[in-house]
Amino acid sequence: MKLFDVFPLFDLNIVKGKGCYVYDDKGNEYLDLYGGHAVISVGHTHPYYVEKVTDQLNKIGFYSNSVINKLQQELAQKLGEQCGYPDYFLFLINSGAEANENAIKLASFHNGRKKVLAFKKAFHGRTSVTVATTDIPSYSAPVNENPNITFAPFNDIEFIKKKLATKEYCSVIIEGIQGVAGIQIPDDEFLKQLREVCTQTGTILILDEIQSGYGRSGKFFAHQYAGITADIITVAKGIGNGFPMAGVLINPMFKAVYGQLGTTFGGNHLACAAAIAVLDIMKQEKLIDNAYNIGQFLLEELKKIPQIKEVRGRGLMIGIEFDQPIKEKRSKLLFEEKVFTGATGTTVFRLLPPLCLTKEEAQIFLDRFKKIV
Ligand SMILES: Cc1ncc(COP(=O)(O)O)c(C=O)c1O
């Protein structure tokens with residue numbers, strides 16, 4: 001059997017990782033400014049994380065959601081405290097798409113409405129409703145066509161007011177910072193007004209913090225820069241530092257009904273052990289402050305590079321836009337300078353490093369980056 005060829009691959013076999021570095025099977029060391037696509041939050045093979053996951057595996061890796069799982073309760077408690085939503089409920093699943101799928105479903109169960117308002121250039125996943133709320137037509141199959149989705153221009157509150165006034169929309173879903181769109185930050189004032197109009201019209205505000213959340217922006221959630229609260233928040237990527245896991249954070253106004261949501265693997269013992277370890281490390285090592293500080297340093301230094309058209313971002317979620325395609329530059333950076341980065345579209349580098357990136361490592365990145373621009 002061969003692998004289904006849907007990913008354009010770099011000719012590299014990564015076999016090892018430590019902190020902000022990864023290593024290929026030939027022993028080459030790469031600085032990881034990509035974090036495996038924003039997934040590595042506390043660093044590769046962090047010793048505390050490895051110990052906690054290994055310990056748990058030696059006890060029990062999995063049992064079903066038909067019994068009490070104290071690890072889920074511990075995770076919910078710690079997450080609530082650290083993220084600033086201590087009174088919210090937590091529902092655990094396995095991937096970002098699943099989190100958004102459940103969030104939209106929950107909103108629709110709650111107010112009985114069918115329509116969803118999403119944003120131009122949004123990415124929310126590849127399952128049925130999430131791919132319909134993703135503004136990338138080539139990702140949708142005919143079966144995913146959904147007449148209930150409206151795409152609003154980013155930051156356009158007047159358009160949204162008109163749509164939500166119909167009271168046909170169950171929810172608005174918006175990324176804390178648009179990632180796939182090339183690091184686009186919603187205006188704080190726009191988010192405040194969006195919050196208001198959602199409240200006025202009984203529309204559920206869903207914040208997709210799958211990429212921008214879990215400390216990446218320099219706050220636990222990117223939307224906290226605007227001083228607003230969301231009705232539902234979705235998280236994934238960094239939550240398990242590579243262990244597949246996701247969560248839906250749910251306002252206490254939602255009623256839990258047996259059978260409405262469910263999952264086989266979600267919130268299993270091993271995943272919870274990984275997620276608890278991540279929160280412990282984030283707290284212990286003050287990784288959110290680190291993301292903010294190193295992010296500021298990178299943003300300031302990158303803005304000094306004249307070849308760059310624009311630098312956007314918050315914390316360690318940074319987009320670097322050029323006038324021309326970056327394919328060759330990115331390839332040079334990887335194969336000659338040994339630095340992993342992400343990309344979006346043809347002209348934007350995306351930096352999504354582990355949140356433990358040090359100033360020295362950030363400087364190494366800058367030195368190598370300057371060589372290829
Ligand atoms: C903002 C956002 N939402 C949802 C997803 C989907 O997550 P997953 O690939 O875990 O399903 C992603 C993944 O890149 C994302 O960046």
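The shell around the ligand is made up of 4 nonpolar, 7 polar and 2 charged residues, in what is a predicted model. Of the 13 residues in this shell, those that come nearest to the ligand are Ser95, Gly96, Ala97, Ile210 and Gln211. Helix α4, which spans residues 96-111, supplies the largest share of the shell, namely 3 residues.

From the ligand we can turn to the sheet, which is open, has 7 strands in the order β4-β10-β9-β8-β7-β5-β6, and shows mixed pairing. Because β4 (89-93) and β6 (149-152) each have a single partner strand, they stand at the edges, and one side of each is left without a neighbour in the sheet. From one strand to the next, the twist averages 20°. Within this order, strand β5 (residues 115-119) pairs with strand β7 (residues 169-175) in the parallel sense, over 3 bridges, and Leu117 stands opposite Val172 in β7. Across β7 and β8 (204-208) lies helix α7 (residues 188-201), which runs at about 145° to β8.

In soluble globular proteins, nonpolar side chains tend to be buried together. Here the largest nonpolar core has 107 residues, and those with the most contacts inside it are Ile206, Ile232, Ala274, Ala275 and Val278. Helix α8 (residues 269-284) contributes the largest share of this core, 12 residues. To follow one of these core residues further, Ile232 is in contact, leaving aside its neighbours within four places in sequence, with Ala103, Leu106, Ala107, Ile204, Ile206, Val248, Leu249, Ile250 and Asn251.

Technical notes
Residues numbered from 1 in each chain as written. Predicted model: local features only at pLDDT ≥ 70, side-chain atom pairs only at ≥ 80, totals over all residues. Core = buried A, V, L, I, M, F, W, Y, C linked by C-beta atoms within 7 Å. Buried ≥ 20, exposed ≤ 12 C-beta atoms within 10 Å, placed from the backbone. Helix = DSSP H or I, 4+ residues; strand = E, 2+ residues; numbered from the N terminus. Contact = placed C-beta atoms within 7 Å. Pairing = 2+ DSSP bridges. Axes fitted to C-alpha atoms, helices over the stretch in contact; angles between N-to-C directions. Near = placed C-beta within 6 Å. Nonpolar A, V, L, I, M, F, W, Y, C, P; charged D, E, K, R; others polar.
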